[in-house]
Amino acid sequence: MLTFFVLAILLSPAESEAGDGRNTALQFGKTGSDYIKFDHDMTPFRDSLTICAWMKRVSTSSSFPVVFHYFASPSIWEILIGSEGDYLRVAADSTLDNSQDLFVSPVGEWFHSCVTWSVSTRTIQLYLNGKLVKSAQTWTGRELTTSGTLWFNRFGDTPSSSFIFGGQLFQFNMYSEVLSSETIKKMADGGLCFDLEDVSEERALRWEDILGKSREGSVTEVTTGCDIDYRKEFERLTEKYETLSKKLETCSAELEDAKSELEGSRRFENITQWDVLYTAPYYNKVLTVDLVEQLRSPWDSLRMFVGVNVSEKFVEHLRTHGLVGLPKAEIVH
């Protein structure tokens, strides 16, 4: 009953629609004062990434409409993605710039765009509506600078209207790996309302995170008309709950084992060097020279009080009970 109550809360329309962003797009204004800006740790994307988003262009007077700009000093070109193909850069590489002829989606219609980039393969690729339309070898071959500022609908600190996107943006997500062409096609073919839970790859920067950032000027939420399948969502959350429950059971069992081992080790907290020497034969332990050196001082002290004969007999007693490989002289003398 409690499980059902928790899932019911998670599935409430207000929480799902406003919180997870699966039917919420952003409409950006057409001036340099309409933008989203925030700092973000880009370490996960240091040597590979995929950026995917749905975009809807509108008529603007912008010469170079910029959807997304990642500025990381000293490079102002760290990542730059436009809606018309004028600019397309990762790690300042301009190999895919001037791809205007590939962006043929009509104004006012949604289209899906993905960019992949990898240091190891020195490859940057552009996908439009699920199809690979351009691939090139990067000329920089360097890693991404990881500390910088993310801008949406603006070219950094430049307020010029020449760089304003002014359209709608939806499901802008970043992955810290190069997604396969099959996965990208699956997302695009699934349409605007495709459930990203149906792909296994984890998003390192999520659209939901971006929706939660502060906005400047005219940046408004608009609905995409994507209705959430609550039955499917219930099944997904139930499966997730069961998976986490199993992990919790495993962790609990491991914790109990660790506690048992800890309690067992505490029985030996007050054991002396003499305890080790005396019990070693019964556990088939072979005393090392290092351990003998540690025991030599108390052994000599014992000899002073009980005499050599007693210590010799003690050594013989240990030898009889399984102590091997340790000449008598190494202990007594």
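C193 and C226 form a disulfide in this predicted model, with their sulfur atoms 2.1 Å apart. The link is left-handed, with -80° about the S-S bond. C193 sits in the loop between α3 (181-189) and α4 (207-211), while C226 sits in the loop between β13 (219-223) and α5 (230-266), so this bond ties together parts that are 33 residues apart in sequence. The two ends are not covered alike: C193 is partly exposed, at 46% relative accessible area, whereas C226 is buried, at 4%.

There is a second bridge to look at. C52 is joined to C114 by a disulfide with an S to S distance of 2.0 Å. Here the link is right-handed, with 115° about the S-S bond. C52 belongs to strand β3 (residues 48-56) and C114 to strand β7 (residues 110-118), so the pair ties together parts that are 62 residues apart in sequence. Both ends of this one are tucked away: C52 is buried at 3% relative accessible area, and C114 is buried at 0%.

The count comes to two disulfides. Number the bonded cysteines of the protein chain in sequence order and the pairing reads 1-2, 3-4. As a reminder of the chemistry, a disulfide is a covalent bond between the sulfur atoms of two cysteines.

Here are the two bridges side by side.

| Pair | S to S distance | Angle about the S-S bond | Hand |
|---|---|---|---|
| C52 and C114 | 2.0 Å | 115° | right-handed |
| C193 and C226 | 2.1 Å | -80° | left-handed |

Now back to the loop between α3 and α4, the one that holds C193. R203 is found in this loop too. Is R203 buried or exposed? R203 is buried, with a relative accessible area of 18%; the cut-off for buried is under 20%. Its side chain has polar partners: one polar contact, of 3.0 Å, goes to the side chain of N173, and another, of 2.9 Å, goes to the side chain of E208. Setting aside residues up to four places away in sequence, R203 touches Q171, N173, M174, Y175, L196 and E208.

One of those neighbours, Q171, deserves a stop of its own. Q171 is part of strand β11 (residues 168-175) and is buried, with a relative accessible area of 8%. What is notable about its backbone is the sign of phi: Q171 is not a glycine, yet its phi is positive, at about 50°. For context, most residues other than glycine have a negative phi.

A92 shows a positive phi as well, near 70°, and A92 is likewise not a glycine. Where does A92 lie? A92 lies in the loop between β6 (88-90) and β7, the latter being the strand that carries C114. At 18% relative accessibility, A92 counts as buried.

Next comes Y70, in strand β4 (residues 66-72). Y70 is buried, with a relative accessible area of 0%. Which residues surround Y70? Leaving aside neighbours within four places in sequence, the contacts of Y70 are M42, I76, E78, I79, L144, T145, T146, S147, G148, T149 and L150. Note the unbroken run from L144 to L150 in that list. T145 stands out within it, as the side chain of Y70 reaches the backbone oxygen of T145 at 2.7 Å. Further along the chain is F152: the C-alpha atoms of Y70 and F152 are separated by 8.8 Å, with the two residues 82 apart along the chain.

Stepping back to the whole chain, there are nine helices and 13 strands. The protein chain has 333 residues, and buried ones make up 43% of them. Among contacts between residues at least 6 apart in sequence, 73% join residues at least 24 apart. As for the surface, the protein chain exposes about 17,800 Å², and carbon and sulfur atoms supply 53% of that area.

Methods: Residues are numbered from 1 along each chain as its sequence is written. This is a predicted model: local features need pLDDT of at least 70, side-chain atom pairs count only at pLDDT 80 or more; totals for chains, interfaces and linings use all residues. Side-chain values use heavy atoms; hydrogens and water are left out. A disulfide is a pair of cysteine sulfur atoms within 2.5 Å. Helices (H or I, at least four residues) and strands (E, at least two) are DSSP runs, numbered from the N terminus. Buried means under 20% relative accessible area, exposed over 50%, partly exposed in between (1.4 Å probe, protein chains only). A polar contact is a pair of N or O atoms within 3.5 Å; within protein, one must be able to donate a hydrogen and the other to accept it, and residues adjacent in sequence count only if both atoms are side-chain atoms. Contact means heavy atoms within 4.5 Å. Accessible areas come from the Shrake-Rupley method with a 1.4 Å probe; for residues, only the protein chains shown count as cover.
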